[in-house]
Amino acid sequence: MNPALIGSPSQPVTLSDAKLSAKDLSFYYGTFQALYNISLSIAPHKITAFIGPSGCGKSTFLRTMNRMNEILRNTRVEGELTLDGQDLLAMDVTTVRRRVGMVFQKSNPFPKSIFDNVAYGLRVNGMHKRSVVEEAVERSLTHAALWTEVKDKLNKPATALSGGQQQRLCIARALAVEPEVLLLDEPCSALDPIATLKIEELLFEIKSLTTIVIVTHNMQQAARLADYTGFFFMGKLVEFDDTRVMFQNPHKKETEDYITGRFG
Ligand SMILES: Nc1ncnc2c1ncn2[C@@H]1O[C@H](COP(=O)(O)OP(=O)(O)O)[C@@H](O)[C@H]1O
Ligand SMILES: [Mg+2]
């Protein structure tokens, strides 16, 4: 167990090289409080998984980390959130979204070609030099384990790809702008086991490029993939630790009940 990584509200996080760090972070949809005093640190170049029953605030916390919740009116964040020690909540939002990429549960390729989907973020950020864009598209598709499958049909519509390929395309699109953190919200929940395994393998590979935070309802996935796992319950982070500790020797009864299938 690494005490520096315990994120229980009573225990301040001291991981000094944290990529992302939340301190007493609370979130409200109107008068409804969805997150209660979350404190935790995300280690760089590791995979951190969040598990917990539906409605416990996993997606809300993930969206707060790249300020996606701001699109919604009448929401409020309290507490601190830092990216490399800088105040993420005060940062220019475009910069946050470039540095912290996101992939959603339902793959959402644009109704454009495969190439244009991956090139999208680069062009939005002002990169139009063909050779540079081409190189980035190939690199991103390679990292997303999709290049060999699509290299001969880059101009075909993205929507013609299979579900698993579309999700890998969304990962390639997110990687193209070289985010420092990649957030994934149940990215495999609509996929079959083979497509899921491909995504897990590629996430494992791209740890060297970026820091990964994944929400999953699949506990085996968290156990296979994650270095660290956090268990959310009713808007609170109940326990956060080394994945092996979480699954083999959890410290909180709620965690144990959840991972042994007694509820959720
Ligand atoms: N846009 C929203 N407006 C109001 N309440 C929301 C909204 N999104 C989520 N919630 C509520 O916040 C709580 C946490 O939801 P969510 O973060 O989606 O949980 P999870 O991802 O763990 O299933 C739930 O009670 C949910 O109903
Ligand atoms: Mg969710």
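Which residues are exposed on the other side of α7? Before getting there, a word on the model you are looking at, and then a walk from the ligand to the helices.

This is a predicted model, and the mean pLDDT of the protein chain is 92, with 94% of its residues at 70 or more. The stretch to treat separately is residues 1-13, where pLDDT stays under 50. For those residues the model has 32 contacts beyond four places in sequence.

Let us start at ligand 1. Around this ligand you will find Tyr 29, Phe 32, Ala 34, Gly 52, Ser 54, Gly 55, Cys 56, Gly 57, Lys 58, Ser 59, Thr 60 and Leu 72. Two elements, β2 (32-42) and α1 (58-64), each give two or more residues to this shell. The largest share comes from α1, which supplies three residues. By character, the shell divides into five nonpolar residues, six polar ones and one charged one.

Now for helix α7, the subject of the opening question. This helix runs over residues 193-206, which makes 14 residues, and its C-alpha atoms reach 20 Å from first to last, close to the 20 Å expected at 1.5 Å a residue. Within α7, Thr 196, Ile 199 and Leu 203 are buried. These three cover an arc of only 60° around the axis, so they sit on the same side of α7. The spacing fits a familiar rule: an α-helix has 3.6 residues a turn, so residues three or four places apart point the same way. And here is the answer we were after: Ile 194 and Glu 201 are exposed on the other side of α7. As for the inward side, the buried residues of α7 pack against β3 (47-51), α6 (163-175), β8 (211-215) and α8 (219-225).

One of those partners, α6, deserves a visit of its own. Helix α6 has 13 residues and reaches 18 Å between its first and last C-alpha, close to the 18 Å expected at 1.5 Å a residue. Is it enclosed or exposed? Twelve of the 13 residues of α6 are buried, so this helix is largely enclosed by the rest of the structure. Among the buried residues of α6 are Gln 165, Arg 168, Leu 169, Cys 170, Ala 172 and Arg 173. What covers them includes β6 (100-103), α3 (114-124), α4 (130-143), α5 (147-150), β7 (181-185) and α7.

From Ala 172, a buried residue of α6, we can step across to Arg 97. The two are 75 residues apart in sequence, and their C-alpha atoms are 15 Å apart in space. Arg 97 lies in helix α2 (residues 93-99). With 18 other C-beta atoms within 10 Å, Arg 97 is partly exposed.

Finally, two loop residues are worth a look for their backbone angles. Asp 84 has a positive phi of about 50° although it is not a glycine. You will find Asp 84 in the loop between β4 (75-83) and β5 (86-87), where it is partly exposed, with 14 other C-beta atoms within 10 Å. Glu 186 is not a glycine either, and its phi is positive at about 45°. This residue belongs to the loop between β7 and α7. Glu 186 has 19 C-beta neighbours inside 10 Å and counts as partly exposed; a residue is buried from 20 such neighbours upward.

Notes
Residues numbered from 1 in each chain as written. Chains lettered and ligands numbered in written order. Predicted model: local features only at pLDDT ≥ 70, side-chain atom pairs only at ≥ 80, totals over all residues. Near = placed C-beta within 6 Å. Helix = DSSP H or I, 4+ residues; strand = E, 2+ residues; numbered from the N terminus. Nonpolar A, V, L, I, M, F, W, Y, C, P; charged D, E, K, R; others polar. pLDDT = per-residue confidence, 0-100. Contact = placed C-beta atoms within 7 Å. Expected span 1.5 Å × (residues − 1). Arc of directions from axis to C-beta.
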